[in-house]
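Open the model in your viewer and keep the selection box ready. The tour moves from one selection to the next.

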Amino acid sequence: MKIWLDGKLVNESEAKVSVFDHGLLYGDGVFEGIRFYNGRIFRLEEHIRRLFDSAKAILLNTPWTQEEVCKYTCETVAANGLTDGYIRLVITRGAGELGLNPYLCPVPSMFIIASTIKLYPDETYQNGLAIITCATRRPAPAALMPQVKSLNYLNNIMAKVEAIQANALEAVMLNEQGYVAECTGDNLFLIKNGILLTPLISDGALDGITRGVIIELAEKLGVPFKECSLTRYDIYTADECFLTGTAAEVIPVVALDRRPIGTGKPGPFTARFLKAFHELALSTGTPFA
Ligand code: PMP
């Protein structure tokens, strides 16, 4: 496997970062997960825009332009001879002194991995996930901006541990006020009385690229859409629920906290969104070869 690291494509065994890198020492950095389908990178420019917004929000100045990062991403995928897969693109603060001061890290580091990912077993896309609400809360937006896709994922990891310990594959995370924010690595959508609902970003959700695609598709499919604060009541009483994410794509949820949602089976709206998402993903994107 060839990894893009600080300007060069290197072998996996040579792809190493410093133990003084603040990405490793403090989670000081930003990243993206991006999919490619059929030889084309899905929503590449959007992902790179979000990456640069994340970097800007944490005052991480990159020496590369967005166009250059798009080009390096395409080169990395092409160098690995894959047609379908998953890209992990990371920008760290770079190596510096021990101590928090990011201004003592003069040069950021970037690496790009083109590989594959499988988040959930195939059958869960047909049968749906049974998920739980976890006790770990999303930090308030004033503590950690939810739009920043940072290397600091310990909050999500602790929530994921709760899910796994409860024999579930995902968990709903509430914010400090008790409103639904998102899941540990996916955004959440509901269907209630024919209306598509999703939590506000300001309630602690990442502004997911797949979330944005679903909102676009809602318009195309003529499904009314509303972003609003949601509680667990809204999930318990929803007709349908599904999650979205680059790695997860679109996946039905059929139960929360052992309570069936709707009929307890993936519903017709979810199926429409799932189909429309796949059609779009397989037919659009940036060619990389
Ligand atoms: N929320 C969190 C916390 C995530 O890490 C992710 C990405 N895995 C998402 C939502 C989904 O975002 P996207 O559709 O951009 O992958």
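Select Thr92 to begin. Thr92 counts as buried because its relative accessibility is 4%; buried means under 20% relative accessible area, exposed over 50% and partly exposed in between, with a 1.4 Å probe and protein chains only. Thr92 sits in strand 5, residues 85-92. Helices (H or I, at least four residues) and strands (E, at least two) are DSSP runs, numbered from the N terminus. Now add Asp21: its side chain and that of Thr92 are joined by a polar contact of 2.7 Å. Such a contact is a pair of N or O atoms within 3.5 Å; within protein, one must be able to donate a hydrogen and the other to accept it, and residues adjacent in sequence count only if both atoms are side-chain atoms.

A note on the source: this is a predicted model, where local features need pLDDT of at least 70, side-chain atom pairs count only at pLDDT 80 or more, and totals for chains, interfaces and linings use all residues. Residues are numbered from 1 along each chain as its sequence is written, and side-chain values use heavy atoms, with hydrogens and water left out.

**Ligand**

Select the ligand next. Which residues are closest to the ligand? They are Tyr153, Glu182, Ile209, Thr210 and Thr246, out of 16 that surround the ligand (a heavy atom within 4 Å). By class, this shell has three nonpolar, nine polar and four charged residues. Nonpolar covers Ala, Val, Leu, Ile, Met, Phe, Trp, Tyr, Cys and Pro; charged covers Asp, Glu, Lys and Arg; the others, Gly among them, are polar. Helix 6 (209-221) and strand 13 (240-245) each supply at least two shell residues.

Show distances. A polar side-chain atom of Tyr153 lies 2.5 Å from a ligand oxygen. For Thr246, a side-chain N or O atom is 2.6 Å from an oxygen atom of the ligand. At Gly185, a polar backbone atom is 3.0 Å from a ligand nitrogen. The protein covers 93% of the 390 Å² of accessible area that the ligand has on its own (Shrake-Rupley method, 1.4 Å probe).

**Loops**

Go to Arg43, in the loop between strand 4 (40-41) and helix 2 (44-57). Its phi is near 55°, a positive value in a residue other than glycine. Most residues other than glycine have a negative phi. Arg43 is buried, at 17% relative accessible area.

Jump to Arg258, in the loop between strand 14 (249-256) and strand 15 (259-260). Arg258 also has a positive phi, about 70°. Is Arg258 buried or exposed? Arg258 is exposed, with a relative accessible area of 80%.
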